[in-house]
Amino acid sequence: MVRRRKEDALETRERILDAAITVFHQQGVARPSLTEVAELAGVTRGAIYGHFRNKADLFNALAERVQLPGEQLCEGAGASDDPCLNPLGILRTRWLWLFQEVASNRQWQQILDIIMHRCELVTESGEIRQRMLDCRQDAVARMRQLLSDAVAREQLPADLDVHLAATILHGAFLGLLDDWLLQPDERDLAQLGERCMDTLIEMLMYSPSLRLPKVAQ
């Protein structure tokens, strides 16, 4: 009996989260009330408070269903002394995984669209905004590490400006994702992401503007 009650509670929680995704995706985060979420979920407003403290808590739980851009990149960070490491391969594979996952997962699309386009700067967005800031800082640092490893293994030029390159890559990938989410049915994100990734790697290899300034003799 206890196990059944736990299963019912978990099912109710997931139904509330599913309803919240739909409501927030249609109306944004700030405007709709928890009553609208409860009605769509087929539960009472009190049932929502049985699982979440407030709208901010509900929104943060919703955001936990998705991996933010850069978080996949930072998994398994370290091991830069591994002689078999393929830094550019790791960088490429992990960003392509994100593009493929978003392209094939409708719920991820909706949640990322909420976070990137429908999340007003209000109390409800505070924790997720901080998570995004932390994620960006960690992702750029991880990119710098991978690019530095790629330089050390002669996959990239020795005079590559690693800090500038990491900033450009991160901005390009986020910009691509942000733009695609506005009209997701027009293009294949997985294919587009792969072409952009390969183009950017070529830019790292050959662009004179990404070389470190020569030190005057």
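Which residue forms a salt bridge with aspartate 198, and how far apart are the closest N and O atoms? Arginine 92 is the partner, and the closest N and O atoms are 2.8 Å apart; a salt bridge here is a side-chain nitrogen of Lys or Arg within 4 Å of a carboxyl oxygen of Asp or Glu.

Before going further, note that this is a predicted model, in which local features need pLDDT of at least 70 and side-chain atom pairs count only at pLDDT 80 or more, while totals for chains, interfaces and linings use all residues. Residues are numbered from 1 along each chain as its sequence is written, and side-chain values use heavy atoms, with hydrogens and water left out.

**First stop: arginine 92 and its partners**

Select arginine 92 in helix H6 and aspartate 198 in helix H10, a pair that links distant parts of the chain, 106 residues apart. Helices, here and below, are DSSP runs (H or I, at least four residues), and strands are E runs of at least two, numbered from the N terminus. Add glutamate 194 to the selection, since arginine 92 also forms a salt bridge with this residue, with the closest N and O atoms 2.9 Å apart. Glutamate 194 lies in helix H10 (residues 189-206), and this pair too links distant parts of the chain, 102 residues apart.

Arginine 92 is partly exposed, with a relative accessible area of 24%, where buried means under 20%, exposed over 50% and partly exposed in between (1.4 Å probe, protein chains only). Glutamate 194, at 36% relative accessibility, counts as partly exposed, and aspartate 198 is likewise partly exposed at 30%.

Now select arginine 211 together with aspartate 159, which form a salt bridge whose closest N and O atoms are 3.1 Å apart. Arginine 211 lies in the segment after H10 and aspartate 159 in the loop between helix H8 (126-152) and H9, so the pair ties together parts that are 52 residues apart in sequence. Arginine 211 is buried, with a relative accessible area of 18%, whereas aspartate 159 counts as partly exposed at 29%. Returning to the earlier selection, salt bridges that share partners join Arg92, Glu194 and Asp198 into one network. The structure holds seven salt bridges.

**Second stop: aromatic rings**

How many aromatic pairs are there? The count comes to five, with rings of Phe, Tyr and Trp (its six-membered ring) pairing if their centres lie within 6.5 Å, and with planes under 30 degrees apart counted as stacked, over 60 as edge-to-face and the rest as tilted. Select tryptophan 95 and phenylalanine 173, a tilted pair with 4.5 Å centre to centre and 40° between the planes. Tryptophan 95 lies in helix H6 (residues 87-104) and phenylalanine 173 in helix H9, so this pair ties together parts that are 78 residues apart in sequence. Tryptophan 95 counts as buried at 2% relative accessibility, and phenylalanine 173 is buried with a relative accessible area of 1%.

Next, select tryptophan 97 and tryptophan 108, which form an edge-to-face pair, 5.9 Å centre to centre with 80° between the planes. Tryptophan 97 lies in helix H6 and tryptophan 108 in helix H7, so the pair ties together parts that are eleven residues apart in sequence. Tryptophan 97 is partly exposed, with a relative accessible area of 29%, whereas tryptophan 108 is buried at 9%. Adding Phe99 to Trp95 and Phe173 shows one aromatic cluster formed by these residues.

**Third stop: helix H7 and its neighbours**

Select helix H7 (residues 106-117) and helix H9 (residues 162-182), which pack at an angle of about 110°, with their axes 10 Å apart. Axes are lines fitted to C-alpha atoms, for helices over the stretch in contact, and angles run from 0 to 180 degrees between N-to-C directions. H7 and H9 are therefore roughly perpendicular to each other, on a scale where angles under 35 degrees count as roughly parallel, over 145 as roughly antiparallel, 65 to 115 as roughly perpendicular and the rest as oblique. Residues of H7 including Leu112 and Met116 meet residues of H9, among them Leu177 and Trp180, where contact means heavy atoms within 4.5 Å.

Finally, select helix H4 (residues 55-63), which packs with H7 at an angle of about 130°, their axes 10 Å apart. That makes H4 oblique to H7. Phe59, Leu62 and Ala63 in H4 meet Ile111, Ile114 and Ile115 in H7.
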